[in-house]
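Me: I should like to learn how to read the features of a model one at a time. Please give the general idea first and then the case at hand.

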Amino acid sequence: MSVLPYLKPTTRQRAGRWTSYAIGVVLLIVLVAIPDWPTLQRQFMNPEVAAQMWPAIFTIALKNTLWLTFASFVLGMTLAVVLAVMKVAGGPLGWFAVAFIELFRGIPALLTIFSAAFVIPIAFNGFKLPGDRMGAAIIGLTLVTAAYGAEIIRAGIQAVPAGQLEAARSLGMTSGATTFWVVLPQAFRIVIPPVTNEFVMLLKDSSLVFIVGMGVFEKELTTFARDAVSMTGNATPMIMSAIAYLIVTLPLTYLVGLLEKKLDPKR
């Protein structure tokens with residue numbers, strides 16, 4: 001029989017913790033000892049290849065990634081508010097909102113971007129969206145953001161206590177005024193953490209616009225890195241791209257954690 005059941009709880013916890021440390025150290029040693037580090041450095045962390053990407057990876061690729069993300073986020077969340085209010089209101093407008101949300105949540109974001117860039121021009125006799133390829137990419141990401149954001153905001157609206165609506169109505173406020181001045185401000189406060197998390201997801205989804213075929217000065221991080229890999233025959237550009245993403249996403253992820261703690265009503 002195991003002797004652990006006869007140990008004090010604190011002793012068992014300490015033993016389990018030190019066992020985990022020991023296993024982690026062994027795994028770390030194995031991971032450090034086994035790989036062929038010279039080959040890894042040459043293929044994935046080549047300083048000469050990395051130098052060729054500087055500073056364009058930040059002045060062009062990262063700048064375009066942030067521009068795509070911010071533009072799509074602002075447009076998408078604006079549309080998301082409208083869709084969320086329509087869905088909560090119900091009726092024909094609510095049915096339209098449900099259809100929109102389910103459609104763009106149900107198909108891959110890659111197909112949405114592809115449709116905005118290629119299907120729409122073909123379907124409407126060569127019609128091009130404003131901004132050409134960059135505009136098509138923003139529209140595709142906007143539609144996806146709106147679908148997911150609408151569900152987040154809808155949950156926030158429905159989380160507002162019913163007493164708030166009754167109090168507003170008792171003061172003579174109309175349904176529209178109640179929604180705009182009472183419900184939405186409180187809903188926004190509730191959904192700040194998940195909306196921030198949606199921004200992080202959108203930042204990574206911006207890598208899907210490679211399918212549009214951006215120009216030299218329109219490339220976002222993934223397209224920029226992919227083309228650099230093709231030119232150099234080395235995977236270092238992909239690692240550089242990953243680092244650039246982390247420079248943005250890690251602070252944002254930390255911010256989401258802080259917001260969740262600050263806005264947690266149980267704290």
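Me: In which element is Pro 47 found?

Reply: Helices (H or I, at least four residues) and strands (E, at least two) are DSSP runs, numbered from the N terminus. Pro 47 is found in helix α3. The model is a predicted one, in which local features need pLDDT of at least 70 and side-chain atom pairs count only at pLDDT 80 or more, while totals for chains, interfaces and linings use all residues. Residues are numbered from 1 along each chain as its sequence is written, and side-chain values use heavy atoms, with hydrogens and water left out.

Me: Is Pro 47 buried or exposed?

Reply: A residue is buried under 20% relative accessible area, exposed over 50% and partly exposed in between (1.4 Å probe, protein chains only). Pro 47 has a relative accessible area of 53%, so it is exposed. Its C-alpha atom is separated by 8.3 Å from that of Thr 236, although the two residues are 189 residues apart along the chain.

Me: How many helices and strands are there in the protein?

Reply: The protein has eleven helices and zero strands. Of its 267 residues, 35% are buried. To read how the chain is packed, one counts contacts (heavy atoms within 4.5 Å). Among contacts with a separation of 6 or more, 76% are between residues 24 or more positions apart.

Me: Which peptide bond is cis?

Reply: The general expectation is that most peptide bonds are trans. Here the bond from Trp 54 to Pro 55 is cis, with omega near 0 degrees. Pro 55 belongs to the loop between α3 (47–52) and α4.

Me: Where is Thr 65 placed, and what does it touch?

Reply: Thr 65 has its place in helix α4. Its relative accessible area is 0%, and it is therefore buried. Not counting residues up to four places away in sequence, Thr 65 touches Leu 203, Ser 206, Glu 220, Leu 221 and Tyr 245. For its side chain one looks for polar contacts: pairs of N or O atoms within 3.5 Å, where within protein one must be able to donate a hydrogen and the other to accept it, and residues adjacent in sequence count only if both atoms are side-chain atoms. A polar atom of the Thr 65 side chain lies 3.0 Å from the backbone nitrogen of Leu 221.

Me: What lies 2.8 Å from a polar atom of the side chain of Thr 196?

Reply: That partner is the backbone oxygen of Ile 192. Thr 196 lies in helix α9, and its 14% relative accessibility is why it counts as buried. Leaving aside neighbours within four places in sequence, Thr 196 is in contact with Leu 252, Leu 255, Val 256 and Leu 259.

Me: How many aromatic pairs does the count come to?

Reply: Rings of Phe, Tyr and Trp (its six-membered ring) pair if their centres lie within 6.5 Å; planes under 30 degrees apart count as stacked, over 60 as edge-to-face and the rest as tilted. By this rule there are six aromatic pairs. One of them joins Phe 70 and Phe 199, a tilted pair with 5.2 Å centre to centre and 50 degrees between the planes. Phe 70 lies in helix α4 (residues 56–89) and Phe 199 in helix α9 (residues 175–205), so the pair ties together parts 129 residues apart in sequence. Phe 70 counts as partly exposed because its relative accessibility is 47%, whereas Phe 199, at 8%, counts as buried.

Me: What kind of aromatic pair do Phe 114 and Phe 118 form?

Reply: Phe 114 and Phe 118 form a tilted pair, with 5.1 Å centre to centre and 50 degrees between the planes. Both residues lie in helix α6 (residues 109–123), four residues apart, which is about one turn of the helix. Phe 114 counts as partly exposed at 34% relative accessibility, and Phe 118 is partly exposed at 32%.

Me: Which residues do ring pairs link into a cluster?

Reply: The cluster consists of Phe 70, Phe 73 and Phe 199.
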